[in-house]
Amino acid sequence: MQETLDKIKKEFIKGLDEVKEVLQLEELEQKFFSRKSGEMTEAMKSLKKLSGDAKAEFGKLANEVKKELEDLYGKKKNELEKNKMGDLADSESIDVTQPNLPKKENGSLHPETLVLREMEEVSRNMGFIVEDGPELDSDYFSFEALNIPDSHPARDSQDTFYIKGHPNWCMRPHVSNMQVRMIQKYGTPLRVAYPGRTFRNEATDASHDHTFYQFEALVIDKDINVGNLIGIIKELLSGLYKKDVEVRLRPGYFPFVEPGFEMDMKCLICEGQGCGACGHSGWVETLGCGLVHPKVLEAAGLDPKEWSGLAFGMGLTRLAMQKYRIEDIRHLQSGDLRFLKQF
Amino acid sequence: MLLSYNWIKNYVDLPDSLTPEELGLKLTMSTVEVEGVEKQGKDLENIVVGIVKKVEKHPDADKLQLCRVYDGTEDWQVVCGGSNVVKNMKVALGRIGAKVKWHGEGDLIELTKAKIRGVESFGMICASSEIGLGDMFPLEGEKEILDLSSIEAKAGTTIAKALELDDVVYDIDNKSMTHRPDLWGHYGMSREVAALYNKKLVSYNPPAIKPGKEFKIKVDIKDTKLCPRYMAVAIDGIKVEPSPDWLQKKLLAVGLNPINNIVDITNYILFDLGQPMHAFDAAHLKGKKNKEKGVNILARRAEVGEKFVTLDEKEHDLTNEDLVIATEEKAVALAGVMGGLNSEIKNDTTTIVFESANFDALNTRRTATRLGIRTDSSSRFEKSLDANNCELALKRAVELTLELCPNAKVVSSVADESNFSLNQGPIELSLEFINKKIGVELEKKQVVKILESLGFDVKDKKDILFVTVPTWRATKDISIAEDLVEEVARIYGYGNIETVLPTFSITPPERNELKTLENKIKDILSLEFGFNEVYNYSFISPKWIEIAGLDEDSLIELDNPVAKDRPYLRRSLWPNMLENVEKNLHEFDSVKIFEVGQVFDKNNPGVRAADNSDELLPRQDLMLGLAFASKGVGKPFYEVSSAISGILDNFNCDYELKAKSEMEGEFIHPGRTAEVIVNGEVVGAVGEIHPVTLYKIGIDERTAVVEISLNKLIEQVAEKNNYKKLSVYPAVERDVAFLVDKKVTNTEISEKLKNVDELVKGIELFDVYDPSADAQGKIPEGKKSMAYHITYRSDEKTLESKEIDKIHEKLTKVLVDDFDVEIR
């Protein structure tokens, strides 16, 4: 038995040495390990004829030899496989700079959508509800409830689009039409932001369009003061520009706030030193704001002695143009894919 | 409005250390927006008074002269083309280095030594327009140089000094003072400056007018609402001539051209007190009926269709809404807007009537706007002027007239018809209120001092301040305590207010599901399906009524469209999107776009129009629109329908596309259109555009569009949450392919097969053979070939082959029985 095993081992190793490719290896495997007539298989089978100690002794030995041969076989196989793949770098090389064909066209979001989303995210993080409302609204919500009397120039048809057959309907000239609507919908205290599309009846050129987007936010609470106004806006702008900003207030007139302000932000490009972007003043006119006028609170059914508020609004379209350095506002609503695909 | 620094200094004693720039910034930060600060004469360096010593002909040019010009130190040879240059003339000599505008046009150019037609020239003898003095010295001839012989300055004096061009002019943004009628003149602005710098304001105190008796003025105001006050006085002995230098300089500084002494006086008052005035030639006010010396002045509404020629020689058709100033015979002025040509001051005018009146703000603006004549006068009246100012203005105008025309004499009494009242308060104000609103701790005396400096009268009674509003702030500007908060805060200085974040609850904000849906859909379309987002105007062109067969009455129309070609509000997104497709197909082979925007539905009600009314606005849904066209794609329908499926698969909802051959209008392909039905509700439609419509628009490729109301969709979809436990038993897939009538739909078949047996767990169409593309003609007319993967699985055991065979057979039979298919 011992001899048989030694012989098998010797022959197997010899055979293995001669193997040059996988096919030969498989033949070798058949020769020794084939279930029906493999030499090793036969040797294992013959163990059955033995008995007692001999069976135990040779059984152990046979298993050791089998294991050893199998290991050698595995090693050889790995080696052969590896050799076979040796020239992959050459045989299967591809041009890695080539795109997948046919090319999949990417889609795009409108630049104003991108800016709008940033504003929405910052507002939401600061606890503001974000909402939009009717673009065609009554002169009640667009003007009257906002303390803008009949005599105000904004109500002229030179400035505002009106609807034929409905003299009290207009295309909202600002998103401020949402102020009273939002207070009525959500009650107090309230933090709400309402970006949206607005309309002004004016001729278009590279920097003016009759359709544009505004962002406005409203806070209604008890004891809101001017210091709060500056604080909240500063936070929001810092969130938007992802760095601390410096702001300054100066007088501004909007009928629905009192007091009313214009807010300038220290130019982020020159940091206040003065450059082309800020007209060499170091400051960029950024938004209009103020404490909510008591008449607006009354229109929304609130007692101005109990409640107070602040509001601020800015041009989203202008923000998008600044951010992406878009030179002509008319690109925005042109539907021109040469423009849109860049975003 | 332009504001002169020197003019302000007439009324406020400002410290020498204060720079004009500092004042400009202070005004911006506390009162009005200063858009520019311009120093007079800043571009006049190296331009000096020169004396022409000698004039000779240029040897090689007929129209040029060779001059020797003395600049106070030496003589220079200068070539000059001026037609009026003569020996001993004082001229403006531009030396080498001076900046001039050639012929008064273009940018400033620096002078260098030059050879002109072979002769060297050391500088230039300037025309007024070449050195920015065209307003001050209007050109009379084309080649005329500036003649300074009348001024006293010696040769070598800089022009700026010689002409006393030492003012600084501020450009104020008019929009920043629409609510401040008191700031439209230098005196009002000086009051602000005095308050800002804690200085005394010089009082404005012209002497009372000494009335005369020779001339009778009767004023009759027919409409006291439109004309709350009218004052007039007549002056005789007028000699119309140019104004003195000081007056001309003031007007020039604020951008006005001097005309003659009388007109200049009214303009001066306009910019001094902000009170528009008018001067009539009395000779032209008298009608034939009026025998005695005098005039009856009427302030009446114009007749409908009444014609009137204004000073600028333009004729206007008036309406009953316009107020005119008239004699009994004729209108002589468009009240508050512009005087009439028929009564203007001429060089031979000897008797004048000054008007100093107050007109209704809104009416003045409406007349000015409708007739297209915005004047310095109308733009002031429309801010609601203080009627008390009429008197001050008239007194000052008379004072100036008597000063400028030594022989002049007031010949009438002062007519004054008035009917106005102002609400001056007092407004009750507590210190606590002010401090609470601003967020500071001011002392009472500080508050009182600020208010008093601005002309408010303050009475302190038991911790409540009773604040009386000065007349010039009482017309509309200040009426409540909040208005006073602003006054105190801005003079105190906004920069001194500390920034404080309020304390808020940490409750997260309510989510706006519609916004969330909109954002998600935009992401899916742009990121997964490669659509590009467009924004289009909300307005559409009437051509769509014809092209698409839309009902004109279903569209909302603008009363005043910005462009005549887009008067309607969009009811759908696709018309403008199809225009996008048409334009972009010139640049791209494939156009894949989407838009989300509001549309306006005339026939369905939306939200309430106002609190006190039951009226409802038109419904304004947020719509999602898609459009797709690509060269060589014959059935673009599937590109957009798969995008819609791609969207809806993200939510918990049942949806289907149901063929629909008829829709409003004629623009839709009748065989390739479907309603999008979600949970049984129609939320929109998907379809191809009718080939005839495409032809009319000029689109050569088949085009598909989608329109879905997000407001309707949001009612149906819920966040996706339909995970099913993984089965432990394997699924088996079998295919079935068959020929079937072309009309039978995928939905019909799928719905049927789904219910054949509970072991049927999935049905997926994987191939449709288009009969029109069947070159070999293997598929009979009117049929199509379809192939499905059917998935079988039990949740209880591993299915055996035989069991599956049995169900699959059942399924095949259903196909044959119900749809008359021919299994392949």
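Let me begin with one residue pair: in chain B, K459(B) stands opposite F466(B), the latter in strand 27 of chain B. I should say at once that what we are looking at is a predicted model.

The pair belongs to two strands, strand 26 of chain B and strand 27 (residues 464-468) of chain B, which run antiparallel and are joined by five bridges. These strands are part of an open sheet in chain B, made of three strands in the order 25-27-26 with antiparallel pairing. Strand 25 (427-430) and strand 26 (457-461) of chain B are at the edges; each has a single partner strand, so one side of each has no neighbour in the sheet. On average, and ignoring direction, neighbouring strands here are turned by 30° against each other.

Let me now add the helices that lie against this sheet. Helix 11 (residues 444-453) of chain B lies across strand 26 and strand 27 of chain B, and runs at about 155° to strand 26 of chain B. Helix 12 of chain B also packs on the sheet, where it touches strand 25 and strand 27 of chain B, and its direction makes about 60° with that of strand 25 of chain B.

How do the two helices meet? The axes of helix 11 of chain B and helix 12 of chain B cross at roughly 95° and come within 10 Å. Helix 11 of chain B is therefore roughly perpendicular to helix 12 of chain B. From helix 11 of chain B, the residues in contact are V447(B), I450(B) and L451(B); they meet L484(B), E487(B), V488(B), I491(B) and Y492(B) in helix 12 of chain B. By class, this contact of helix 11 of chain B with helix 12 of chain B has seven nonpolar residues, no polar residues and one charged residue.

Helix 12 of chain B leads us to the interface. Chain B brings 73 residues to the contact and chain A brings 64 residues. On the side of chain B that touches chain A, helix 12 (residues 481-492) of chain B gives the most, with six residues. That side of chain B has, by class, 33 nonpolar, 23 polar and 17 charged residues.

For orientation, the domain assignment divides chain B into six parts, among them domain 3 (216-418), domain 4 (427-495) and domain 5 (513-719). The centres of domain 1 of chain B and domain 2 of chain B, taken over C-alpha atoms, are separated by 36 Å.

I turn to chain A, for which the domain assignment gives domain 1 (2-91) and domain 2 (111-340). The C-alpha centres of these two domains of chain A lie 84 Å apart.

Consider first helix 2 (residues 22-33) and helix 4 (residues 52-84) of chain A, which pack at about 165° with their axes 10 Å apart. Helix 2 and helix 4 of chain A are therefore roughly antiparallel, and their crossing is left-handed. V22(A), L25(A), E29(A) and F32(A) in helix 2 of chain A meet L69(A), Y73(A), K76(A), K77(A) and L80(A) in helix 4 of chain A. By class, that contact has six nonpolar, no polar and three charged residues.

Finally, chain A has an open sheet of three strands, in the order 2-4-3, with antiparallel pairing. Strand 2 (136-138) and strand 3 (162-163) of chain A stand at its edges, each with a single partner strand, so one side of each is without a neighbour in the sheet. Strand 3 of chain A pairs with strand 4 (residues 166-171) of chain A over two bridges, and Y162(A) stands opposite C170(A) in strand 4 of chain A.

Definitions and conventions. Residues numbered from 1 in each chain as written. Chains lettered and ligands numbered in written order. Predicted model: local features only at pLDDT ≥ 70, side-chain atom pairs only at ≥ 80, totals over all residues. Axes fitted to C-alpha atoms, helices over the stretch in contact; angles between N-to-C directions. Helix = DSSP H or I, 4+ residues; strand = E, 2+ residues; numbered from the N terminus. Parallel < 35°, antiparallel > 145°, perpendicular 65-115°, else oblique. Left-handed = near helix turned anticlockwise from the far one by under 90°. Contact = placed C-beta atoms within 7 Å. Nonpolar A, V, L, I, M, F, W, Y, C, P; charged D, E, K, R; others polar. Domains from an automatic or database assignment. Pairing = 2+ DSSP bridges.
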